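Biologist: Can you bring the model up? I'd like to go through its pockets, the ligand and the cavities with you.

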Amino acid sequence: MNKVAVITGGTRGIGLETAKLFLENGYNVAIFGSRKESVDDALNKLSLYKEKVIGYFPNLTKEDEIEKTLSKIYDIFGRIDVLINNAGVSSNTLINDYTKQEIDKIFDINFKAPFLCCKAVVKYLKQTKGVILNTSSMVSFYGQKSGCLYPMSKFAINGLTKSLARELAPYGIRVNAVAPGITKTDMVKNLPENMIEPILKNIPLQRMGEPIDIANAFLFLASDEASFITGDIIKVDGGIIN
Ligand code: NAD
């Protein structure tokens, strides 16, 4: 039976590229998106893998919706081996400009959703000695000069990763995170030039990351080749040094 990966935010950018790579490597994949239209659109792009890929749009802040969706995936594919918490929103707001709405949105998607997805998936991963992969960020190491809630949420992701790695190791479940550097997706298109330019100057490999660079790291960390790696935050950022 094929291994099964569940990927949140699997409808575009890093998540969609990761879904494609896992499918190419023999996994069955369930993608989560925020809306039916974006899920349908992504499934069209993955139509080569018809029976091996399914998509849902649960509200990632509602525990019961996540549980019901994982249960459907388990009924269809018969197992769950990998959860990739990839959905996320960025921010470049200055501290005094934050509204309650934006504060709630960042914490809901970047903090609460990965926690709830981990909580709901553990019972399945205990059966398969599976893997949780979180999506951190380069800014989880040194912050950024606007949009403090974004790095704050990614520091939390590192904490979740390191703590769950310890809690779940006795069940054979590994938990790691990938910390992408600046990567060519819609998320970066929305950031102002003056935020991106100085970062590019500090990348020793002299290019932006591509979604496939991050997907490759996820695939490795999910594989048996990474069976002695847990609780780590792997930087995939071209060697950026602040
Ligand atoms: P993207 O904007 O292209 O994709 C974000 C994904 O998150 C989409 O699939 C979207 O559907 C999903 N999402 C957003 N809001 C959601 C909601 N309310 N409910 C459900 N899903 C929702 O971004 P990306 O660059 O592919 O980012 C993927 C991950 O990588 C994020 O966690 C991001 O923080 C992280 N990251 C990206 C970069 C970068 O430079 N692109 C750098 C570091 C970390």
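Biologist: How does the lining of the second largest pocket divide by class?
Modeller: This is a predicted model. The lining of that second largest pocket has 7 nonpolar, 6 polar and 5 charged residues.

Biologist: Which residues lie nearest its centre?
Modeller: Lys129, Gly130, Val131, Gly172 and Arg174. The full lining has 18 residues.

Biologist: And what volume does the second largest pocket have?
Modeller: About 230 Å³.

Biologist: On to the ligand. How many residues surround it, and which are the closest?
Modeller: The ligand has 25 residues around it. Ile14, Asn86, Tyr150, Thr183 and Thr185 are the closest.

Biologist: What is the polar side-chain atom of Tyr150 doing there?
Modeller: It lies 2.6 Å from an oxygen atom of the ligand. For Asn86, a polar backbone atom is 2.8 Å from a ligand oxygen. Arg12 uses its side chain: an N or O atom there is 3.0 Å from an oxygen of the ligand.

Biologist: How much of the ligand's accessible area does the protein cover?
Modeller: On its own the ligand has 820 Å² of accessible area, and the protein covers 91% of that.

Biologist: Which elements give two or more residues to that shell?
Modeller: α1 (13-24), α6 and α7 (186-189). α7 gives the most, with 3 residues.

Biologist: What about classes in the shell around the ligand?
Modeller: There are 12 polar residues, 10 nonpolar and 3 charged.

Biologist: Now the closed spaces. How many cavities of 30 Å³ or more do you get?
Modeller: The count is 2. The largest has a volume of about 40 Å³, and the second largest about 30 Å³.

Biologist: Which residues line the largest cavity?
Modeller: Asn85, Ala87, Asn110, Pro114, Asn134, Thr135, Lys154 and Ile157. By class, that lining is 3 nonpolar, 4 polar and 1 charged.

Biologist: Which elements supply at least two residues each to that lining?
Modeller: α4 (100-128), β5 (131-135) and α6 (149-168).

Biologist: Same thing for the second largest cavity: what lines it?
Modeller: Thr8, Leu60, Asn85, Asn86, Ala87, Ile109, Ala113, Pro114 and Cys117. Asn85, Ala87 and Pro114 line this cavity and are also in the lining of the largest cavity. Asn86 lines the second largest cavity and is among the closest residues to the ligand.

Biologist: Which element gives the most to the second largest cavity's lining?
Modeller: α4, with 4 residues. The classes in that lining are 6 nonpolar, 3 polar and no charged.

Biologist: Switching topic: where is Ser136 found?
Modeller: In the loop between β5 and α5 (139-142).

Biologist: Is Ser136 buried or exposed?
Modeller: Buried, because its relative accessibility is 2% and the cut-off for buried is under 20%.

Biologist: What does the Ser136 side chain contact?
Modeller: The side chain of Asn158. That polar contact is 2.7 Å.

Biologist: And Ser146, where is that one?
Modeller: In the loop between α5 and α6. The Ser146 side chain reaches the backbone oxygen of Asn92 at 3.3 Å.

Biologist: Why does Ser146 count as buried?
Modeller: Its relative accessibility is 14%. Buried means under 20%, so Ser146 counts as buried.

Notes
Residues are numbered from 1 along each chain as its sequence is written. This is a predicted model: local features need pLDDT of at least 70, side-chain atom pairs count only at pLDDT 80 or more; totals for chains, interfaces and linings use all residues. Side-chain values use heavy atoms; hydrogens and water are left out. On a 1 Å grid over the protein atoms alone, a cavity is a set of points where a 1.4 Å probe fits but cannot get out, and a pocket is an open set with protein on both sides within 12 Å along at least five of seven lines; lining residues have an atom within 4 Å of a point. Grid points are joined across faces, edges and corners, and a volume is the space filled by probe spheres set on the points. Ala, Val, Leu, Ile, Met, Phe, Trp, Tyr, Cys and Pro count as nonpolar, Asp, Glu, Lys and Arg as charged, and the others, Gly among them, as polar. A residue is near a molecule or strand if one of its heavy atoms lies within 4 Å of it. A polar contact is a pair of N or O atoms within 3.5 Å; within protein, one must be able to donate a hydrogen and the other to accept it, and residues adjacent in sequence count only if both atoms are side-chain atoms. Accessible areas come from the Shrake-Rupley method with a 1.4 Å probe; for residues, only the protein chains shown count as cover. Buried means under 20% relative accessible area, exposed over 50%, partly exposed in between (1.4 Å probe, protein chains only).
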